[in-house]
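Subject: Structure for your review

Dear colleague,

Please find below the structure that I am handing over to you. I would be grateful if you would read the notes that come after it with the model open.

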Amino acid sequence: MSLQPPEVPVFTAGSDPLPADFNRWVQAPFAALTGKVVFRAAKTNAQSLSSGYNTVAFNSIIEDPYGGWSSVANAWVPPAAWNGTYVVKVGVWCAALSGGRLLSVIGLNGSTLYQLNGAWTNGSLPNGACGEAPVQLIGGQDQVSGIAWVSAASSVSTTTGQQCTMEITWDGN
Amino acid sequence: MFGEQVGGGSGFNPGPSCADLVLLQNTGPAGDYVQLIARQDTGSAVSTAGNPFMSVRWVAPVSGVSGLAVPVNAAWPVPPAYVTSSFLNSSIRDAIRYLTYPPVFRGYYQGSGNTLASTTWPAGAAVPLDTANGAGSSSGGSSLDPYAGWNAAGNYWQAPVAGVYSVYVQAALAATASAYQLGAGFAVNGTTQWLRSSFQPASTSPRAQLAMRKVRLSAGDQVQARGFQNSGSALSLVGSGTNPCYAKMIIIWEAA
């Protein structure tokens with residue numbers, strides 16, 4: 001997939017446009033607005049969580065047509081030129097943790113950006129927290145990560161239907 | 001409109017979330033406005049912690065043309081083919097119509113007679129939505145379903161077209177003297193994805209949890225709100241008729 005950010009066409013008087021021009025003026029912008037940029041990932045394998053902030057090493061990349069995910073940085077980078085506002089959703093799960101707290105957090109370029117949602121944790125069941133926020137990103141540059149903050153050492157849940165997730169969609173310039 | 005309502009007293013700061021789909025149609029100085037409000041009932045003032053934030057985004061106009069297919073964005077005709085009105089209507093008019101008025105859904109629970117059974121994790125049960133076919137209102141608490149995806153008998157919303165959707169589910173339960181775990185999620189074609197689950201102390205006010213995730217749906221996929229609680233006995237679901245902190249589900253088409 002090689003969608004480019006939507007370009008606002010300019011129609012020049014006296015020009016003699018070809019079909020390729022209309023594809024650039026009409027087809028490509030509508031295709032970009034329809035398809036957008038989408039990233040979705042889940043955490044299906046084990047990961048220990050230390051007390052404090054933990055970047056989730058998503059291992060199951062559900063869709064990432066622009067190849068923005070880095071398993072080294074554990075972060076997603078928007079495609080070059082696709083600057084703009086992205087809606088980022090982060091869901092985190094930890095194993096049973098008595099009387100503690102779990103937070104879902106968006107990380108940007110190695111720092112925590114938004115603390116989204118907190119859960120008072122249970123000592124006998126997995127615990128989940130999720131939230132979303134709009135984030136301004138520079139294409140090809142900014143790195144977005146999903147972070148779990150826990151009040152004491154724990155581990156992520158790997159059970160299907162109770163896994164850490166991160167989804168990102170482009171929402172406009 | 002209330003979002004999550006959670007218990008305190010853990011020694012850690014609670015961090016509830018709120019999300020809703022609201023019809024704003026009165027503009028100007030005396031028009032509609034949106035505020036972020038926090039409520040707490042400890043009996044004394046409590047400081048905010050972290051960085052409370054609010055974001056608002058436009059999703060769709062008040063009305064539009066529904067029932068359209070996702071734009072295919074066909075290539076421009078190359079001679080000897082020529083541009084027809086049909087081509088322009090499907091490629092430009094309907095593309096604009098669809099992208100400005102995509103499938104959205106807001107259904108909620110208004111009643112007061114339903115309960116959520118106490119189950120063993122991760123079973124849970126469907127959260128009924130008894131108000132799901134309205135036209136929307138800026139006063140809040142209304143339903144919206146221009147693509148008519150709601151199935152009242154099955155208590156699910158059926159995706160009219162394929163694509164990536166944002167799904168939000170809020171499970172809200174009446175107060176109980178028992179501590180318990182409250183979870184919220186949704187099922188796609190019967191398979192449940194939990195997004196939210198946390199410990200709730202005994203309470204004298206309702207409790208609510210908000211789940212959210214972006215999922216890729218095929219046309220015809222069925223999305224159902226789900227809730228979980230293990231208090232040991234069935235708990236009443238909170239409806240909008242009795243409390244502003246009520247159960248609801250919101251779905252928004254985001255991308256092809």
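The notes below concern the salt bridges of this structure, which is a predicted model.

Side chains of opposite charge can pair when their charged atoms come close. A search of the whole structure finds 15 salt bridges over all chains. Three of these pairs are described here.

The pair within chain A consists of A:R24 and A:E7, whose side chains meet at 3.4 Å, N to O. A:R24 belongs to helix α1 (residues 19-35) of chain A and A:E7 to the segment before α1, so the salt bridge ties together parts that are 17 residues apart in sequence. Both residues are partly exposed: the relative accessible area is 41% for A:R24 and 39% for A:E7.

Another pair links A:D171 and B:R57, with the closest N and O atoms 3.1 Å apart. Because A:D171 lies in strand β13 (residues 165-172) of chain A and B:R57 in the segment before α1 (85-100) of chain B, this salt bridge joins two chains. A:D171 is partly exposed at 27% relative accessibility, and B:R57 is partly exposed at 26%.

In chain B, the side chains of B:R97 and B:D94 form a salt bridge at 3.5 Å, N to O. These residues are three apart in helix α1 of chain B, so about one helical turn separates them. B:R97 is partly exposed at 31% relative accessibility, whereas B:D94 is buried at 18%.

Finally, shared partners connect salt bridges into one network made up of A:D171, B:R57, B:K214 and B:E254.

Yours sincerely

Definitions and conventions. Residues numbered from 1 in each chain as written. Chains lettered and ligands numbered in written order. Predicted model: local features only at pLDDT ≥ 70, side-chain atom pairs only at ≥ 80, totals over all residues. Heavy atoms only, no water. Salt bridge = Lys/Arg side-chain N within 4 Å of Asp/Glu carboxyl O. Helix = DSSP H or I, 4+ residues; strand = E, 2+ residues; numbered from the N terminus. Buried < 20%, exposed > 50% of the residue type's maximum accessible area, 1.4 Å probe, protein only.
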